[in-house]
Every structure is written in structure tokens, then in C-alpha cells.
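Hi,

Here is the model I promised to pass on. Have a look at it first, and then read my notes below.

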Amino acid sequence: MTLDEILKEIKNANSFMITAHENPDGDAIGSCLAFATVLKEMGKEKIDVLLKEYPPIFNTLPNIDLIKSEASLDKYDMAIVLDCPEIKRVSKEYHKYFEDAKITVEFDHHLKNAMFADLDVVNPAAPACAEILVSSFRYMKIEISKDVATCLMAGIITDTGGFRFNSTTRETFEFAGWALAKGVNIPKIYKDYLMTKSKSQFEAEKLALDRLEFLMDDKIVFTYMTKEDEEKLNIQPGEFDGIVGIGITIKGVEVSIFARERSDGFKVSFRSNNIDVADICMLFGGGGHKLAAGCTIDAKLEDVRKAVIEETKKHLK
Ligand SMILES: [Mn+2]
């Protein structure tokens, strides 16, 4: 089985690079740090977690100092990609280390995964990549320490919206119970990584909500943020992540859409209560999960707005 091979390769390898999708969220960062901590506890000396930028609220996670924006080696024995459905979603400057690694491994829970590594562990039914790591570590008989469990819980709590999404499984709660018994401070993880926001994040949400419009008998909500807004409010990486989720909490809303201007166009995020928004995003070259997906469209705001709303209307009919 794949996991037996991965364990064998981990034992043989000395240097590791670990990465995740660009603009990493709690699951991406928590999974990376959980894996890095496991390798550190195994006595591996060279471990680089390569992530360009990440939300500063995660700075209190164990072994956060293993995160580097630049590689410290030319070549790594093993490349591990987490919470990422295809290599193109990893920051471009890290592709070289993936290609040059002796062996590549991925663990992921996205719906349409490209199976891009030598060894792929993919389970779209898992609510978080971190939860796949829980069962994988257990299968490989790798001990889950309190630090590892803390990182994994951070991933699980953020990706399940605090056990709210219906992707949450019995295993999610079982692991939470196990982690609690191990001494992991779950209320603190919940508060620090899910419930706390900076003033600039609050201001960003306020502006986006003020602009939120209701369409198609209030079944669709749309809002946006421009580069100019971002600069004016001094918004930090990750501080937009909660906006799209607010619209979907309104009774009667089926799809919430948030478009955010970046250098390569508008990054459009979708949340749904029922229809498959990954399908919509795939039409625009993106993807994701059935109820949470995204894409990037290089066009003017008004054209982006029109295109995504028209497509969503078609899917809602
Ligand atoms: Mn995830």
C-alpha cells in the first residue's frame, strides 16, 4: 500500500521540503507543520517548510520557525505537498525543488486531484488534509505528539469551520477527543485561529458586507474588494478568507461569491449550501470542493461579476 512505501521512503530520506497551496490557510499550514514536526521528532535534520507568505495569526503554532520563504538546499531527497490538488497551485519558485526531489509525495482532500506525485494519498471525503494525516500517521505507526496534534487540530478546526461543515465526520470528533486527552488546548486553537481577527480584517469585512448585493431572489450574494481597498485598509495575507463565508450564513442564500483583485486578475471564491460550485469554478480554470471553490479571472470587475453571476444562475436553475 502507498503508505507503506511512503514510510519506507521517509526512513531512507535525510532532507525534506514540505509545501502546500499558495496563500496557505490553516489546514495547509497546520498540515505542513504537523508533518515537519513528525520528521523532526524522528530525528531528521534537514526539513524546510517552503511557504511564501501566510497569515500572521498562525505564528504561535509549534515549529513555525521551520517555515522559510527560500529553500536552503539545491536538492531535497523528498518533496511533500499537502492540501493541494495540482502542482500549479504551489508557488512557482518551489516547482524546481519538487521536480528535482528523488521522491515526491502528496496528501490531499480536494475533489479533483491531479495525482501529480510519485506517491499520492488522496481522500476527497476527508474534511481537512490534516485529518488524512491523522489516519496516515496512525497507519504508519508514527506517534502523534502533543505538538503534532496541535498543528493537526489547527488544520481540522479551520477547514471544518469549527466542526460546522457537513464534511465533519465521526473521526473528526474522535480525534478532537483524543487530542484533548493528550493536553491539546482546543478552545485556544478555536479562539486564536478561527475566532480572532485583526482590526484591518474587521474593516475589510465591514466594507465587503456594506457592498454585498442580493441577486436572483436573494439566492446569490456577491461582493468584492479592489487592490485600492486592500492598500487603503492595509489588509494582510489571509485576512480576506472569512468574507465569502459570511454571505452563506444568510437564510435563503444558496451561493455566496467574493471577488478580490490581485495582480493576476480577480480571485473569485464561492461558497454553496447545495450546488456544486467546484463545477462552476472549473469552467473558469479553477476548482476546489463541492461547497467551497475558487478560480482566477483576468478581466475587469464588471465583466468578472457578470460572468460568475450568469454561470451561477444557470447552475441554480
Ligand atoms: Mn484543506
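Before anything else, a cut-off: I call a residue buried if 20 or more other C-beta atoms lie within 10 Å of its own, with C-beta atoms placed from the backbone. By that count, strand E1 is mostly covered, with five of its six residues buried. Please keep in mind that this is a predicted model.

Overall picture

The chain holds 12 helices and 12 strands. Its C-alpha trace spans about 55 × 40 × 40 Å along the principal axes. The radius of gyration is 19 Å, which agrees with the value near 20 Å that a compact globule of 317 residues would have. Buried residues account for 44% of those 317. As for contacts between residues at least 6 apart in sequence, 67% of them join residues at least 24 apart.

The parallel sheet

One open sheet has six strands in the order E3-E2-E1-E4-E5-E6, and the pairing is parallel. Its edges are E3 (67–68) and E6 (119–122), each of which pairs on one side only.

E1 (residues 15–20) has a partner on either side in that order. Four bridges tie E1 to E2 (residues 46–50), the two running parallel, and Ser-15 stands opposite Lys-46 in E2. Towards E4 (residues 78–82), E1 makes five bridges, again parallel; here Met-17 has Ala-79 of E4 as its bridge partner.

From E4, five more bridges lead on to E5, also in parallel. If you want a pair to click on, Val-81 stands opposite Glu-106 in E5. Like E1, E5 is mostly covered: five of its six residues are buried,.

What lies across this sheet? Two helices to look at are H1 and H4. H1 (residues 2–12) lies across E4, E5 (103–108) and E6, and runs at about 125° to E6. H4 lies across E4, E5 and E6 too, running at about 115° to E5.

H4 against H5

H4 (residues 129–139) also packs with H5 (residues 146–159), at an angle of about 140° and with the axes 7 Å apart. Angles over 145 degrees would count as roughly antiparallel and 65 to 115 as roughly perpendicular, so this pair comes out as oblique. From H4, the residues involved are Cys-129, Ala-130, Glu-131, Leu-133 and Val-134; from H5 they are Leu-152, Gly-155 and Ile-156. Sorted by class, that contact has six nonpolar residues, one polar and one charged.

Two positive phi values

Two non-glycine residues caught my eye, Asp-83 and Lys-141. Phi of Asp-83 is near 55°, and phi of Lys-141 is about 55°. Are they buried or exposed? Asp-83, in the loop between E4 and H3 (95–100), counts as buried because it has 29 C-beta neighbours inside 10 Å. Lys-141, in the loop between H4 and H5, has 7 such neighbours and therefore counts as exposed.

The mixed sheet

Further along there is another open sheet of six strands, ordered E7-E8-E9-E10-E12-E11, and its pairing is mixed. E7 (213–215) and E11 (287–288) are the edge strands, each pairing on one side only.

Within this sheet, E9 (residues 255–262) and E10 (residues 265–272) are joined by eight bridges in the antiparallel sense. One of the pairs there is Ser-256 with Arg-271 of E10.

Helices pack on this sheet as well. H8 (residues 199–211) touches E8 (220–225) and E9, and its direction makes about 130° with that of E8. H12 (residues 301–316) touches E7, E8, E9, E10 and E12 (292–297), with its direction at about 155° to that of E9.

If you only have a few minutes, I'd start with E1 and its bridges to E2 and E4, then go to the contact of H4 with H5, and finish with H12 on the mixed sheet.

Cheers

Terms used. Residues numbered from 1 in each chain as written. Predicted model: local features only at pLDDT ≥ 70, side-chain atom pairs only at ≥ 80, totals over all residues. Axes fitted to C-alpha atoms, helices over the stretch in contact; angles between N-to-C directions. Parallel < 35°, antiparallel > 145°, perpendicular 65-115°, else oblique. Contact = placed C-beta atoms within 7 Å. Nonpolar A, V, L, I, M, F, W, Y, C, P; charged D, E, K, R; others polar. Pairing = 2+ DSSP bridges. Rg over C-alpha atoms; globule rule 2.2 N^0.38 Å. Buried ≥ 20, exposed ≤ 12 C-beta atoms within 10 Å, placed from the backbone.
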